[in-house]
Amino acid sequence: MKLCINADDYLIHERVSSGICEAIEAGAVTSISVMGDADFGRSLEWLGESRVSVGLHLTLTSGGNRRLPQMEGPVAIVKAGLSGKLPKNQVEDELAGQYARFIVAYGDHPNHLDCHEHIHAWPTVARVVNTLAERNGIGYVRSPRDYSPDFSLKKLLLAAAFPRKIASPVFFGLNLMGQAFTWPYIKKQFEYLHKKGVRHALWMVHAGHQSADSIAGRADYSSRETELTVLLKHIAEIRELAELVPMEALLQGRSSSIEDQT
């Protein structure tokens, strides 16, 4: 099985980013998603020399957007959409601005798009993100429909928000967040994928060093340090279960649906 391990939230905080860099150097992360509202500075220059894939993590909810007021998470997106306070033109301006800033800082287009806190589950945002991808020739927008053996409310909600047939590469990681990010649970996930005959998969992780201060006015995701430690400790075992590849290699071999992979 070919597996891409994508670390979300690069540049959300310097300590998170330093942990992600450690994972990249150890070969435990093969793709990253760069926060769209980050202060890029010179932080992206070294990525061009690394073998890691670089995607853009579009966001409206992390506090740094320039054209819309801060929205405290996906629920605020839904409330704004239902109340008519999420105008499409402002969403377009904000996300297009993040894309343009990324190109200037990185010197190239991202090879995939995804969204912080899966905000493209809301139709208005999804249309903007998909249009942005099409206009710029981006071949992959992440569909966070978790392909895992365990049930969760978040998994159910995202399956409803992304109702299409599960596409390749299959996505997982929601089931492994927080206290579930342990080797027994990770091993269970891989056993499930092998049993289902999956040949191309994308694993979302939130590895990084813990930040002492809050991020965007909220406490940081509490298990970044745990995810980094477990990932580095068990990377040899993970390599025995899957061939780790960057996003480009994963997308080149993908099939149209999960049924086509078996």
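**Aromatic pairs, a covered strand and a surface patch**

Phenylalanine 102 and tyrosine 106 sit four residues apart, about one turn of the helix, and both belong to helix α3 (residues 88–106). In this predicted model, the two side chains differ in how far they are covered: phenylalanine 102 counts as buried because its relative accessibility is 0%, whereas tyrosine 106, with a relative accessible area of 21%, is partly exposed. The value for tyrosine 106 can be read against the cut-off, since buried means under 20% relative accessible area.

A second aromatic pair is made by phenylalanine 172 and phenylalanine 190, with an edge-to-face arrangement, 6.1 Å centre to centre and 80 degrees between the planes. Phenylalanine 172 lies in strand β5 (residues 170–172) and phenylalanine 190 in helix α6 (residues 183–195), so this pair ties together parts that are 18 residues apart in sequence. Phenylalanine 172 and phenylalanine 190 are both buried. The two residues also take part in a wider grouping, as Phe172, Phe181, Phe190 and Trp203 form one aromatic cluster.

A search of the whole structure for such pairs gives seven. The pair in helix α3, phenylalanine 102 with tyrosine 106, is tilted, with 5.2 Å centre to centre and 45 degrees between the planes. It helps to recall that a pair of aromatic rings is described by the distance of the centres and the angle of the planes. The angle of 45 degrees for phenylalanine 102 and tyrosine 106 leads to the label tilted because planes under 30 degrees apart count as stacked and those over 60 as edge-to-face.

The cluster member Trp203 leads on to strand β6. This strand covers residues 200–205 and is mostly covered itself, with six of its six residues buried. The cover extends to both faces of β6: His200, Leu202 and Met204 are buried on one side, and Ala201, Trp203 and Val205 are buried on the other. Two neighbouring strands pair with β6. Strand β1 (residues 2–10) runs parallel to β6 and is joined to it by six bridges; among the residues involved, lysine 2 has histidine 200 as its bridge partner in β6. Strand β5 is also parallel to β6, with three bridges between them. Here phenylalanine 172 has tryptophan 203 as its bridge partner, and these two residues also belong to the aromatic cluster that includes Phe181 and Phe190.

Strand β1 and the loop that follows hold two backbone features worth a look in the viewer. Aspartate 9, which is found in strand β1, has a positive phi of about 75 degrees although it is not a glycine. This aspartate counts as buried because its relative accessibility is 3%. Leucine 11, in the loop between β1 and α1, likewise has a positive phi, here of about 80 degrees, and is not a glycine either. The relative accessible area of leucine 11 is 16%, so this residue is buried.

Beyond that loop comes helix α1 (residues 14–25), which contains alanine 23. With a relative accessibility of 0%, alanine 23 counts as buried. Leaving aside residues up to four places away in sequence, alanine 23 touches Ala28, Val29, Leu228 and Leu232. The C-alpha atom of alanine 23 is separated by 7.9 Å from that of alanine 207, although the two residues are 184 residues apart along the chain.

The surface offers a contrasting picture. A nonpolar patch is formed there by Phe151, Leu153, Leu156 and Leu157, which together have about 470 Å² of accessible area. Leucine 153, one of the patch residues, is placed in helix α5 (residues 153–161). The relative accessible area of leucine 153 is 57%, so this residue counts as exposed.

Turning to the protein as a whole, the model has nine helices and seven strands. Of the 262 residues, 52% are buried. The exposed area comes to about 11,800 Å², and carbon and sulfur atoms supply 51% of it. Among contacts between residues at least 6 apart in sequence, 75% join residues at least 24 apart.

Note on methods
Residues are numbered from 1 along each chain as its sequence is written. This is a predicted model: local features need pLDDT of at least 70, side-chain atom pairs count only at pLDDT 80 or more; totals for chains, interfaces and linings use all residues. Side-chain values use heavy atoms; hydrogens and water are left out. Buried means under 20% relative accessible area, exposed over 50%, partly exposed in between (1.4 Å probe, protein chains only). Contact means heavy atoms within 4.5 Å. Patches are made of residues with over 30% relative accessible area and no salt bridge: like charges are joined within 9 Å, nonpolar side chains (Val, Leu, Ile, Met, Phe, Trp, Tyr) within 5 Å. Accessible areas come from the Shrake-Rupley method with a 1.4 Å probe; for residues, only the protein chains shown count as cover. A salt bridge is a side-chain nitrogen of Lys or Arg within 4 Å of a carboxyl oxygen of Asp or Glu. Rings of Phe, Tyr and Trp (its six-membered ring) pair if their centres lie within 6.5 Å; planes under 30 degrees apart count as stacked, over 60 as edge-to-face and the rest as tilted. Two strands pair if DSSP finds at least two bridges between them.
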